[in-house]
Amino acid sequence: MGAADNGLRIDKFLWFARLARTRTLARKIAEKGHVRCDGRRIDRAHAMVRIGDVLSVPLPGGVRVLRIESLPERRIAAAGVAQVYSTLEIASDGKR
């Protein structure tokens, strides 16, 4: 069974998809409880995400709402991000 069958830990997904610079930072983002997966609040790094899930992730510069298109097996190159998720919305926090 591959990652696509069972899902992927959210901290790994955030790191693999280049939404966090380090896996430690990805874990902290997930554990703060500000990430939502299909409307459910996530407060643990080991929560599973699957293809088709919609995430809202608070990042510097605003909240990004994205749909998971594939589950990478390792950290991808920046050019490959479009294959992993599609951005549905970016809500600015108003700061510059």
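1. Helices and strands here are DSSP runs, helices of at least four residues and strands of at least two, numbered from the N terminus. The model is predicted. Arg 18 is a good place to start. This residue sits in the loop between α2 and α3. Its phi is positive, about 65 degrees, and it is not a glycine. Most residues other than glycine have a negative phi. Arg 18 is partly exposed, at a relative accessible area of 39%.

2. Asp 38 deserves a look as well. Here, too, phi is positive, at about 50 degrees, in a residue that is not a glycine. Asp 38 lies in the loop between β2 and β3, the latter spanning 40–42. With a relative accessible area of 43%, Asp 38 is partly exposed.

3. Next, the sheet. It is open and has five strands. Their order is β3-β2-β5-β6-β7, and the pairing is antiparallel. Which strands stand at the edges? They are β3 and β7 (85–91). Each has a single partner strand, so one side of each has no neighbour in the sheet. On average, neighbouring strands are turned by 25 degrees against each other, direction ignored. In general, strands of a sheet pair through backbone hydrogen bonds.

4. Now follow β5 to its partners. On one side, β5 (residues 54–59) pairs with β2 (residues 35–37) over two bridges, in the antiparallel sense. Cys 37 has Leu 55 of β5 as its bridge partner. β5 also pairs with β6 (residues 62–68). That pairing is antiparallel and runs over six bridges. Val 57 is bridged to Arg 64 in β6.

5. The turn from β5 to β6 is short to describe. The two strands form a hairpin with two residues between them. Gly 61 in this hairpin takes a positive phi near 100 degrees.

6. Turn to the interior. The largest nonpolar core holds 27 residues. Which of them touch the most other members? They are Ile 10, Phe 13, Leu 19, Val 49, Leu 55 and Tyr 85. Helices and strands both contribute: α2 (10–16), α3 (23–31), β2, β5, β6 and α4 (81–84) each give two or more residues. The most come from α2, which gives four.

7. Ile 10 shows how this core is joined up. Leaving aside residues up to four places away in sequence, Ile 10 touches Ala 30, Val 35, Ile 42, Arg 44, Ala 45, Ala 47, Val 49 and Leu 55. Two of these names, Val 49 and Leu 55, also appear among the core residues that touch the most other members. Leu 55 is the bridge partner of Cys 37 too.

8. Last, the aromatic rings. How many aromatic pairs does the structure hold? There is one. Trp 15 and Phe 16 form it, with centres 5.6 Å apart and 40 degrees between the planes. The pair counts as tilted because its angle is neither under 30 degrees, as for stacked planes, nor over 60, as for edge-to-face ones. Trp 15 is partly exposed, with a relative accessible area of 25%. Phe 16 counts as buried, at 8% relative accessibility. The cut-off for buried is under 20%.

Conventions
Residues are numbered from 1 along each chain as its sequence is written. This is a predicted model: local features need pLDDT of at least 70, side-chain atom pairs count only at pLDDT 80 or more; totals for chains, interfaces and linings use all residues. Side-chain values use heavy atoms; hydrogens and water are left out. Two strands pair if DSSP finds at least two bridges between them. A nonpolar core is a set of buried Ala, Val, Leu, Ile, Met, Phe, Trp, Tyr and Cys residues joined through side-chain atoms within 4.5 Å. Buried means under 20% relative accessible area, exposed over 50%, partly exposed in between (1.4 Å probe, protein chains only). Contact means heavy atoms within 4.5 Å. Rings of Phe, Tyr and Trp (its six-membered ring) pair if their centres lie within 6.5 Å; planes under 30 degrees apart count as stacked, over 60 as edge-to-face and the rest as tilted. Axes are lines fitted to C-alpha atoms, for helices over the stretch in contact, and angles run from 0 to 180 degrees between N-to-C directions.
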